[in-house]
Structures are given as structure tokens and as C-alpha cells.
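The following exercises are intended to be worked with the sequence and the model side by side. Each task is followed by a solution in steps.

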Amino acid sequence: MLIRTKGEIPSSEITPKSVYMNRRKFMAAAAATGLAAVAGESASRLLRPSSAQAAEDKLTTVKSQYSTPGLTLTTFEDITHYNNFYEFGVNKDDPSKNAGRLKTRPWTIQVEGLVKQKKTFDIDTLLKMKPLEDRIYRFRCVEAWSMVIPWVGYSLSEFINACEPLPSAKYVQFISLADSKDELLPWNAGISWPYSEGLRMDEAMHPLTLLTFGLYGQALPNQDGAPVRVVVPWKYGFKSAKSIVKIKFVKNQPSTTWNDMSPNEYGFYSNVNPNRDHPRWSQKRERVIGAPIFRQLQPTLMFNGYGDQVASLYNGMNLIKEY
Ligand SMILES: Nc1nc2c(c(=O)[nH]1)N[C@H]1C(S)=C(S)[C@@H](COP(=O)(O)O)O[C@H]1N2
Ligand SMILES: [Mo]
């Protein structure tokens, strides 16, 4: 296998076309019925929750026009055991061990700031507000590893419209589960709580930005940000705040956890960009979690491969300086 310098490696190239087509059909069918979609060779590694819990957590979904075609899914096991969720530990396997203590019901999102009026949305109302879609996205962490995740949700813009922001709102801030002291672990992960992230309003309103309730056709496992998170597929993973309890519409760029912590390493925009290295490591390649050894390293794509859809949001900006 050669490491390419340009372009992606579509699964159509590494799998005979008939198998690939069938796999895609299977994935679509599996997604539509809410069953786990499994990329063939990984089936045996798939770990499912107990059947009782799975039945309870199953989500009814429709196929999305925004799904990224031709990708091989990361297994459920890897997606749920290789996590970043510092509230529950700093090692990749900590969240899967510790996030069980997070209570995801009752759960509300408070809406504040530059809105017509303050509101509070219950998670079960949000779940029913729009049809839930299956959306397969590339997911890229700033630590230079990547996954492909079949998320479930609908465009964040649908929720933002229901929030009725004022025209003066230029940014939106997301606040993660705050300070429920008995849920968090009594340690200092080096960052301060609550975890906070933000987007410019046009980024937040982009149809690819997903208000996310599940993955693999079922409710989000706690370690992946239950019961509701954001996913911004063209940005590094830390922009995708988990377990959101508050959304605030603001005039100025909000403060965000990693940008506050180390601004020269983590910019506010954090668009995936192979040409702007992290000060301590390269962003030119990414390690594909769970891939066979000869496919583990692949070139990083500008905007994580979503440039056609999102590059115009940044017209006139120098993305090396405004990283
Ligand atoms: N509240 C909160 N959200 C968070 C994080 C976190 O530590 N706390 N980590 C971020 C980072 S760095 C990444 S890569 C993704 C990881 O999501 P995943 O574990 O579902 O793959 O969540 C992001 N959202
Ligand atoms: Mo990350």
C-alpha cells in the first residue's frame, strides 16, 4: 500500500466493487432499521451493549442527504472505547470506564443570551423536534487520528431556529455538563469546567453541523457525549462539545476551553488543515483508528474533506493565521 500525498483513499479502491456496493446497501439498510452497520472485516470486533439496553436506546432514523459516501465505518467498539472526554479521565479508555456515572435523564438545554426570550428545552422534546438522520461523517481529532462515525441527529440550524436568536447574535457558545460534582471525578485534568466551545453563527447554521443524539442507530453512549452533543465534521474534534446543557448566543467570539488553555496550539476556528501543523506535531497525515496496518496512515484532507461544502465560509481569511 502506498501512502498517497493527495486525495482520499475511497473504500471503493480497496474493496472489490461488488462487495463495496453490497456493503453500502447493507449499511443503508442497517441504518434505516436502526441496526448496527458493520464494515465487513470488523464484524467480529463489534461490541454491543446488553440487548435490554439496546432495545431501549434504539432510535428511529431516516437516511440523510448529507452522509459522506464511500467510507469504511470505524467499529462501535473503537468509537466507544477510544474517547476524549476529560470530565471522565484523560486516557482514551477512561471515559468508557467512568462515564457510566453520568445521569442523562432528566436533561435539559438552557438557551440564553441574545435571543427573543430565554428558553429551556427538554431532551425528549429535542429528540422529537425533527426527523433523526443517519449521517456518516469523517471525524478528525487534533491529535492526528481519525475515525468514521455513523452519527444520528439533525442539523443544528433546526434547533437554532427554534431558539430564535436576535440578529445581533454573531456566535454561539456550547457549555457541557457543568459541575454536578458527584458525576465528575475529583481530579484536575488540567482544564477548567465546564467545557466550553463555540462557533461563528454561519458555521453553526451550516447544514453539516449536526445536533447529535446517537451513533450506530442508537442513543449516544455516555462516553460519546450523551444525551446530546454537537458534531462539526470539518473541524478538529475538540470543537464538538459533548453532553451540552447550555447554549448561549453572543455578540463576540466566546471563550473556549482549549483556546483559553493554549491559544497557539488550539485556535478558535480549528478547521482541519494539513498545511497548518500543531506546534508539537504534523497535521499532514492522520492515523485511522482500527484500520489494518497498511491503511493506518492516510493524508489529512483540507477541511477534513468537506471543502466543497464549507470553504466559502472562510473566503478572504488567511487560514494559517486564523487557525
Ligand atoms: N465536554 C467535552 N466535550 C468534548 C471533549 C471533552 O473533553 N469534554 N473532548 C473533545 C475532543 S478533543 C474530541 S476528539 C471529541 C471526542 O469525541 P468522541 O470521544 O465521541 O470520539 O470530543 C470533544 N468534545
Ligand atoms: Mo480531539
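**Exercise 1. Describe the surroundings of strand β4 and its pairing.**

Solution. Begin with the two faces of β4: E133, R135, Y137 and F139 on one side are all buried, as are D134, I136, R138 and R140 on the other, which leaves both faces covered. Buried means under 20% relative accessible area, exposed over 50%, and partly exposed in between (1.4 Å probe, protein chains only). Helices (H or I, at least four residues) and strands (E, at least two) are DSSP runs, numbered from the N terminus.

Next, take the strand as a whole. Eight of the eight residues of β4 (residues 133-140) are buried, so the strand is largely enclosed by the rest of the structure.

Then identify the partners; two strands pair if DSSP finds at least two bridges between them. With β1 (residues 62-63), β4 pairs in the parallel sense over two bridges, and V62 has E133 as its bridge partner. With β5 (residues 145-155), the pairing is antiparallel over eight bridges; here I136 is matched with P150.

Finally, examine the connection. β4 and β5 form a hairpin with four residues between them, and A144 in the turn has a positive phi of about 70 degrees.

The basis of these values is as follows. This is a predicted model, in which local features need pLDDT of at least 70 and side-chain atom pairs count only at pLDDT 80 or more, while totals for chains, interfaces and linings use all residues. Residues are numbered from 1 along each chain as its sequence is written, chains are lettered from A and ligands numbered from 1 in the order in which they are written, and side-chain values use heavy atoms, with hydrogens and water left out.

**Exercise 2. Which residues come nearest to ligand 1, and which polar side chains approach its atoms?**

Solution. First, list the neighbours: of the 16 residues around ligand 1, Y86, E87, D224, R229 and K242 come nearest. A residue is near if one of its heavy atoms lies within 4 Å of the molecule.

Second, classify the shell, which divides into seven nonpolar, five polar and four charged residues. Ala, Val, Leu, Ile, Met, Phe, Trp, Tyr, Cys and Pro count as nonpolar, Asp, Glu, Lys and Arg as charged, and the others, Gly among them, as polar.

Third, consider the individual atom pairs. A side-chain N or O atom of E87 is 2.8 Å from a nitrogen atom of ligand 1. Polar side-chain atoms of R229 and of K242 each lie 2.7 Å from an oxygen atom of the ligand.

Fourth, turn to the surface. Ligand 1 taken alone exposes 530 Å², of which the protein buries 98%; accessible areas come from the Shrake-Rupley method with a 1.4 Å probe, and for residues only the protein chains shown count as cover.

**Exercise 3. Locate the backbone features in the loops.**

Solution. Start with the cis peptide bonds. One joins R105 and P106, with omega about -10 degrees; P106 is in the loop between α5 (94-98) and β2 (108-113). Another joins W193 and P194, with omega about -5 degrees, and P194 is found in the loop between β6 (171-176) and β7 (196-200).

Continue with positive phi values in residues other than glycine. Y216, with phi near 50 degrees, is in the loop between β8 (210-215) and β9 (218-219) and is buried at 3% relative accessible area. F303, with phi near 55 degrees, lies in the loop between β13 (297-299) and α10 (307-310) and is buried at 5%.

Terms used. A polar contact is a pair of N or O atoms within 3.5 Å; within protein, one must be able to donate a hydrogen and the other to accept it, and residues adjacent in sequence count only if both atoms are side-chain atoms.
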